[in-house]
Amino acid sequence: MKSDIVRLKIGGVVTEKEKIIPGLEGVPIAESEVSYIDGEKGILEYRGFPIQELVEKSSFEENSFLLLKGRLPTREELTEFDNELKENRELKFRFIDILKSFPDMGHPMNVLQASVAILGMYYPIDDVEDEKEVERAVGILLAKIPTIIAAWNRIRHGFEPLPPRKDLSHSANFLYMILGKEPDDKMTNIMDASLICHADHTMNASTFTARVVTSTQAKPHAVIASAIGALSGPLHGGANEHVVRMLRAIGSVENVRPYIQNMIRSGSKIMGLGHRVYKVKDPRASILQKLAELYFASHGSTPLFEVAKEVEKYAVEILKDKKIYPNVDFYSGIIYEKMGIPTDLYTPIFVMARIVGWLAHWREQLVNNRIFRPTQVYVGEHGKKYIPVDQR
Ligand code: COA
């Protein structure tokens, strides 16, 4: 890039100087009522409710209703919403046949992205402004994503998927389909709390992607498939998988300092640390660390937890001037690992949660929609003379 300063031309008239903001840092792109972050104070709220209170008192189902509809449900509304999800969990056998045709080595995030696009062919939506159709699309996407993740996990190992159960909650049913046995209450509650923690997070890269695709009036399956692609990157949701791989590579508390020094020296980013908005420890990282402690107290700990705490201690010590602290991805993976969930399913679990936020933003974007069409700074050449191929 030659210059980050440009004269902005509107209607052929040079009006003012504009600066490119790398990564659009601090640039508001929409008004939103879905969630709120104060990065200096470490505050996160969904629809005005502190995240800590929702994690402690709510459930995945209730929190999803809250994010999608903007208010807490009555008992009847919650039961109806819950039943809707239960009714939508199953996959058609032809859809399962398609999953069986994917390569065994396919990363579950690729499978999920493709599967969501395919769902759009099975459950087309004609009018994104028809409230009934919107509700139907939301129910289908929310309910079927856990079934797809679990089905793929069995299919890739040569087993038939386990059919979802209607007598279990969203989190318990997912764990049952993954692990092949009913989870205990603690495991279910911790998965539920983790899903709530990941449900929305203002204008992050995947939510912005969802908003951009929504603005074209694309259908919700295209919106969600695009957002899944954005979330898969290691700088975004993909970090949770990389954190656990890094902790395994470190191996022991003694190895933490040399390993981290090496990473810093080579200019590598330490996965699960740092955030564009938080200048203190991400409140979700604190919640997940507490949940990990709770879970390990009853189910036995993992050496990775001690390694993780030492990484946090040392990294914060040497990176404190840059205000680098653990983010949501730092402690989630070690909980899932202890539950027996395969490492490459951690980011798909993030999708199970974040789809709620994406769909809430989809609905919000449609209310006052204008297609996203930013501008660029052209730094290429002009008026070049074309030379025929055999004269070059
Ligand atoms: N490890 C080491 N240094 C880090 C770091 C990390 N995880 N995250 C940021 N930094 C350093 C950068 O090297 C940079 O230093 P410099 O000013 O000397 O060049 C400074 O902190 C600012 O980082 P920058 O990359 O500009 O911040 P960003 O807002 O563009 O990026 C993240 C934010 C989250 C992408 C970034 O912190 C990161 O890559 N973290 C690791 C991946 C991760 O955990 N992602 C999940 C996010 S929820």
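User: In this predicted model, what makes helix α7 mostly covered?

Analyst: Buried is the word for a residue with under 20% relative accessible area, and 9 of the 10 residues of α7, which spans residues 170-179, are buried; the helix is therefore called mostly covered. The buried residues are H170, S171, A172, N173, F174, L175, Y176, M177 and I178.

User: Which helices cover the buried residues of α7?

Analyst: The cover includes α2 (60-69), α3 (75-87) and α6 (131-155), together with α8 (185-197), α15 (329-339) and α16 (346-367). Just after α7, G180 takes a positive phi of about 80°.

User: How do you know that I270 makes a polar contact with the ligand?

Analyst: A polar contact is a pair of N or O atoms within 3.5 Å, and a backbone N or O atom of I270 lies 2.7 Å from a nitrogen atom of the ligand, so the pair meets that cut-off.

User: Why do R276 and N327 also count as polar contacts of the ligand?

Analyst: A polar side-chain atom of R276 lies 2.7 Å from an oxygen atom of the ligand, and an N or O atom in the side chain of N327 is 2.9 Å from an oxygen atom of the ligand; because the limit is 3.5 Å, both pairs qualify. Taken alone, the ligand exposes 860 Å², of which the protein buries 67%.

User: Which residues are closest to the ligand, and where does the ligand sit?

Analyst: Among the 17 residues that surround the ligand, the closest are I270, G272, L273, R276 and K322, and the ligand sits in the largest pocket.

Methods: Residues numbered from 1 in each chain as written. Predicted model: local features only at pLDDT ≥ 70, side-chain atom pairs only at ≥ 80, totals over all residues. Heavy atoms only, no water. Buried < 20%, exposed > 50% of the residue type's maximum accessible area, 1.4 Å probe, protein only. Helix = DSSP H or I, 4+ residues; strand = E, 2+ residues; numbered from the N terminus. Contact = heavy atoms within 4.5 Å. Near = heavy atom within 4 Å. Polar contact = N/O pair within 3.5 Å; in protein donor to acceptor, adjacent residues only side chain to side chain. Areas by Shrake-Rupley, 256 points an atom, 1.4 Å probe, with all protein chains shown as cover. 1 Å grid on protein atoms, 1.4 Å probe; cavity = no way out; pocket = protein on both sides within 12 Å on 5 of 7 lines; lining within 4 Å. Sits in = over half its atoms within 2 Å of the grid points.
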